[in-house]
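The following report describes helix packing and nonpolar cores in one protein chain.

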Amino acid sequence: MHGPMRMPGHWFDELAAGGGSAEAVGFLVEGERARRLVLLRELLDRLEERPALLGPADLGAIWRTVEQAEARNPGCVEELLLSPQVGSWLAHMLRRLHGTSAGPPLWVDAGHLAGVAVVAALRAGTAADLVVPAREGAVALPTLGLARLPGVPLLGFQPVHARVRQGELLLLPTGRGTGATALTVRPLTAPQSALWWPTHRLPVRPGGPEVALDDIDPYRDLDRPIPPRRLTPSELGTWQSLFTDAVALLGPASGPGPRSRGTGPGTLRPEAIRRIVPWPGRLPNGPVAGLSASTADAFGSMVVARPPDGAALAETMVHEFQHSKLGALLHLFAMLDDDREEEHYAPWRPDPRHLPGLLHGAYAFVGVAGFWRDRIGDRAADPLDLAPFRFALRRIQTRTVLRTLATRAALTGPGRRLVAGLTRTVDGWLREPVDGRAVARARAAAAGHRVEWRLRNLRCADEERAVLAAALRAGTPPPPAGQPLFVPAPERAHWQDVRGALYLRPDIVRDGTPDVTVADRAPGLVSVSVRDAAPAAVARGVGPEAAPPVHADVLLVRGEAAAAREAYRERWSEAPGDPHALAGWLLAHTALHPGHRRLLARPERFAAAVAGEGPELWEHAAHRLTAP
């Protein structure tokens, strides 16, 4: 019998600080191995109880194939089990059995286990005779590729006979009159063809480890199966080039900055990444940099929209691997009560978040902050000297979220230790000197996002609104602040922090017009292309395109607060009720009147006080609301 897993305390503390040595990350991998074995045992128990779930496939034959492969080549099955492809499928299959997910006919999802066994036989050089599911005439072989039966294209889902002998695979349609014919292929060595699509590989270094670039596995998305979308040769070449550049950036420092290739936050061994999935499908106006996602079911895997350059991909790899590490930690330790009330501010989101989401965000952005900290002063990695702003912004934002977690979350013992470790890291960074102009821009960007977020997501209770408006008209002191209410979700419009994105490169604005492209994760959610006002990308299922930055935003970022305040008033006259204009006016006004900065703490009170009034009264209202 195996004893319980016990993580050495110093490894936990390494991970709690946001980093982690190879040994600490290796312990997480061991934890994922144990979890996969438990999940596999549960699945096998379910299939033994209900063999009809497999349709024409036979569980006994499948498992005998797996056992023979492991006996011939010890470790090959375990390696396959730890792959993101199998992890995603296994979790999806169990969710289907629990009724919390959907997909194709259940025998197709369950029968994918036979495809896993076929791959084990191919890798081990053993024999197999199994029935596997085909989707539209294609058989998925996890980690290896996609085999497409020749002949008349098959529609829907069909069982296919798979015969493996000495690394050669023969696929035979089981139904008559389909028009499809047999296919013979050697998946371990066959080049790409119309009938065989091997999984793309991105070498970390010549002759060394490789990272899968997966555009074909049906379970490569976050949960539900999706069809393949093969990259074009041009797209593949772009990804290869981006990955090469990203690996170079994640390697040893090339400049005099404070970078160190140790175990701290922001450091990443590229070979720790197991798989990159190009964002499936198309987004409005095509793929846009900045979108990425991951799931705890597939350690070391990430879904990434094609980034603009290698630095953006390197940052995304760090960001998503942080999610993988925390997901694996959460499989081992309960960190907090799983409160799913979405009522907390996250500086990188347009909407309220729940506490588990805040914890994941804080852990990921500690890594991002560390990534840019390590590149300050490295002209090869950061030729435009943007790292100081990016580092300053992320350390401010992350500290805000850590404060929320420490004061609002019901943390367990390990959870308190984790939040304390992250807080020590960020507090240490806040004491580090950074270029003053970059820090000022970062503070302005962080404040701007928070003010607009509150205006869009919070409002005063009706009674407080009425008393505030009456006090303003009568010239009496405003009432005490009450607990704000959340704007109902159907009433919230999706938004992008286009003003915040301008703070990254205020130098590109001339004569009031952005004139070069800067693609970067905005301080809010995702990236913004400034030159041509291309809409920022939005997550699937999220609303409309982002508006371009307005002239008033440009004036504010350039430091012309008086002109910006007037421009925001004009903007309000053109678009009454626009929270972006009201937030901008408050930011410009408080830049002119620092004593009024308390307005930024509860901007929804200002909005309630001036509701129904024109912007010509806003300055009067600001003085009244901040009077002693």
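In this predicted model, helix H8 (residues 310–332) packs against helix H9 at an angle of about 140°, their axes lying 8 Å apart, where helices are DSSP runs of H or I with at least four residues, numbered from the N terminus. Axes are lines fitted to C-alpha atoms over the stretch in contact, and angles run from 0 to 180 degrees between N-to-C directions. H8 is therefore oblique to H9, a label left for angles that are not under 35 degrees (roughly parallel), over 145 (roughly antiparallel) or 65 to 115 (roughly perpendicular).

Helix H12 and helix H17 also pack together, and the two pairs are set out below.

| Pair | Angle | Axis distance |
|---|---|---|
| H8 and H9 | about 140° | 8 Å |
| H12 (residues 436–457) and H17 (residues 579–592) | about 135° | 9 Å |

H12 and H17 are therefore oblique to each other as well. Among the residues that meet, with heavy atoms within 4.5 Å, are Ala447 and Val451 in H12 and Leu582 and Leu586 in H17.

The largest nonpolar core, a set of buried Ala, Val, Leu, Ile, Met, Phe, Trp, Tyr and Cys residues joined through side-chain atoms within 4.5 Å (buried meaning under 20% relative accessible area with a 1.4 Å probe, protein chains only), has 110 residues, of which Phe243, Ile276, Met317, Leu405 and Phe606 touch the most other members. Its largest share, eleven residues, comes from helix H9 (residues 355–373).

Residues are numbered from 1 along each chain as its sequence is written. Local features need pLDDT of at least 70 and side-chain atom pairs pLDDT 80 or more, whereas totals for chains, interfaces and linings use all residues, and side-chain values use heavy atoms, without hydrogens and water.

Terms used
Buried < 20%, exposed > 50% of the residue type's maximum accessible area, 1.4 Å probe, protein only.
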